[in-house]
Amino acid sequence: MYKNSSFKVGIIGWRGMVGQVLLERFNATNGLINQAIFLFSSQTIDATSISLNAKTVSFERSDDIIALGQCDILISCQGSAYTQHMLPVLRQQGWHGYWLDAASHLRLDSKTLLVLDPINQVSIESALMNNQKTFVGPNCCTSLLLLALQGLYDKDIIQHVDTHTYQAISGAGSTQLKNYLTQIHAASTDINLDNIIQTCNQLEKNNHSLLNNVIPWVDVLSDHGATKEELKFAKEATKIHGKETPISATCVRVNALRCHSQSITLTLNKNHPLDDIKHWLSHGNTWIKLIDDDAPELLSPKPISNTLDIAVGRIRQDSYRPNVIHLFTIGDQLLWGAAEPLVRTCQMILTHLNQALGTKTDQVDCVK
Ligand SMILES: NC(=O)c1ccc[n+]([C@@H]2O[C@H](COP(=O)([O-])OP(=O)(O)OC[C@H]3O[C@@H](n4cnc5c(N)ncnc54)[C@H](OP(=O)(O)O)[C@@H]3O)[C@@H](O)[C@H]2O)c1
């Protein structure tokens, strides 16, 4: 008779944008129902403020090495600085548990695996068999682009990708979102346009306001005039695909609240019929939603927010270059772009641990 084992799963940074969505997904999928959960924060928490489908829930400080070290699995949504500081300390103290991370710090480390299971499930399973312990979620726009184009990458017909992003404010974290809402409130006390713009300008000096603004600087400048965010596409896609995947990007923050959009230009190996392109795109994975030109309202952040859908529309051949395709895609950067790959990898780890113990997990509804 099989039985479920209970493991200790710690979630660090659960109060933030990604952490909240991660908890929602674990609740929606009953992903932690049999586990002992430890919620780590730098703040003292009112325990009544959260309900989680788990065997037990405890609150701990995120600098408590002993409490962290007791967990079998730690999922960090806290950011790169925390990972950079805390993971080496834990490992040095002999902690051998699984570390799952939403931050960028370890993504290109040779000892970590980038997890996006609709694309690299086999690599994740093999890493688990090989006792790998550190798994990292890819950059949000990179995950969304790779899922949107999965059908064409599988056909091996893409030579080059150019993408221009329209990234939501929640992608910059809860502090930026709160700043933005404060700025809306401040500007909304007046209906004189000059006064509103003046208020925005004053606020911008302190907070890089998105009011009356778009910002073509996501993250800091890096090589050849590109920002770090823009360089992540090719580097991370190459690591996930295991082969050179050229992607050029311009990343722009806009004042959508949730969901990252991308305008993509694809250079293909030759001229393929547009109907074939649409067919291959639509069969890339379960979550692709091809949007017809006669339903423009569906190609917008609003219907995509808080869903796992990857919307792909405006698919058309270039007027001058028949082997060039343009399209527009939208995905929820807090789900497929951050929390979802971690939730699903956590489930794979729990299954692996139970199999190793000769036990069997409950069937969890992670797969739509
Ligand atoms: N946001 C995205 O769309 C996205 C997508 C992909 C990857 N990521 C990466 O995931 C990591 C976490 O990102 P995030 O957007 O979740 O960051 P965040 O909202 O800033 O949250 C991170 C932590 O900041 C603390 N915090 C400080 N002030 C807060 C407030 N007013 N409300 C809530 N939490 C507050 C919390 O930790 P304490 O409880 O310990 O104080 C929280 O867990 C980052 O490395 C980011 O680059 C983010």
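**A pocket and a helix pair**

Helix 7 is the biggest contributor to the lining of the largest pocket, supplying 6 residues. Keep in mind that this is a predicted model, so treat what follows as a tour of a prediction.

Let's stay with that pocket for a moment. It holds about 1,200 Å³ of space, and 50 residues line it. If you want to centre your view, go to Val18, Ser170, Gly171, Ala172 and Gly173, the lining residues nearest the middle of the pocket. Helix 7 (174-187) has company too: helix 1, strand 2 (36-41), helix 9 (228-241) and helix 12 also each give two or more residues to the lining. As for chemistry, the lining breaks down into 25 polar, 18 nonpolar and 7 charged residues.

Two of those lining elements, helix 1 and helix 12, also pack against each other. Helix 1 covers residues 17-29 and helix 12 covers residues 335-356, and their axes sit 9 Å apart at an angle of about 45 degrees. That angle falls outside the roughly parallel range, which stops under 35 degrees, and outside the roughly perpendicular one, 65 to 115, so helix 1 and helix 12 count as oblique to each other. Their crossing is right-handed.

Who touches whom? On the helix 1 side you'll find Val18, Val21, Leu22, Arg25, Phe26 and Thr29. Facing them from helix 12 are Leu335, Ala338, Ala339, Glu340, Leu342, Val343 and Cys346. Sorted by class, this contact has 10 nonpolar residues, 1 polar and 2 charged. Val18 is worth a second look: it belongs to this helix contact and is also among the residues nearest the pocket's centre.

Technical notes
Residues are numbered from 1 along each chain as its sequence is written. This is a predicted model: local features need pLDDT of at least 70, side-chain atom pairs count only at pLDDT 80 or more; totals for chains, interfaces and linings use all residues. Side-chain values use heavy atoms; hydrogens and water are left out. Axes are lines fitted to C-alpha atoms, for helices over the stretch in contact, and angles run from 0 to 180 degrees between N-to-C directions. Helices (H or I, at least four residues) and strands (E, at least two) are DSSP runs, numbered from the N terminus. Angles under 35 degrees count as roughly parallel, over 145 as roughly antiparallel, 65 to 115 as roughly perpendicular and the rest as oblique. A crossing is left-handed if the near helix is turned anticlockwise from the far one by less than a right angle, and right-handed if clockwise. Contact means heavy atoms within 4.5 Å. Ala, Val, Leu, Ile, Met, Phe, Trp, Tyr, Cys and Pro count as nonpolar, Asp, Glu, Lys and Arg as charged, and the others, Gly among them, as polar. On a 1 Å grid over the protein atoms alone, a cavity is a set of points where a 1.4 Å probe fits but cannot get out, and a pocket is an open set with protein on both sides within 12 Å along at least five of seven lines; lining residues have an atom within 4 Å of a point. Grid points are joined across faces, edges and corners, and a volume is the space filled by probe spheres set on the points.
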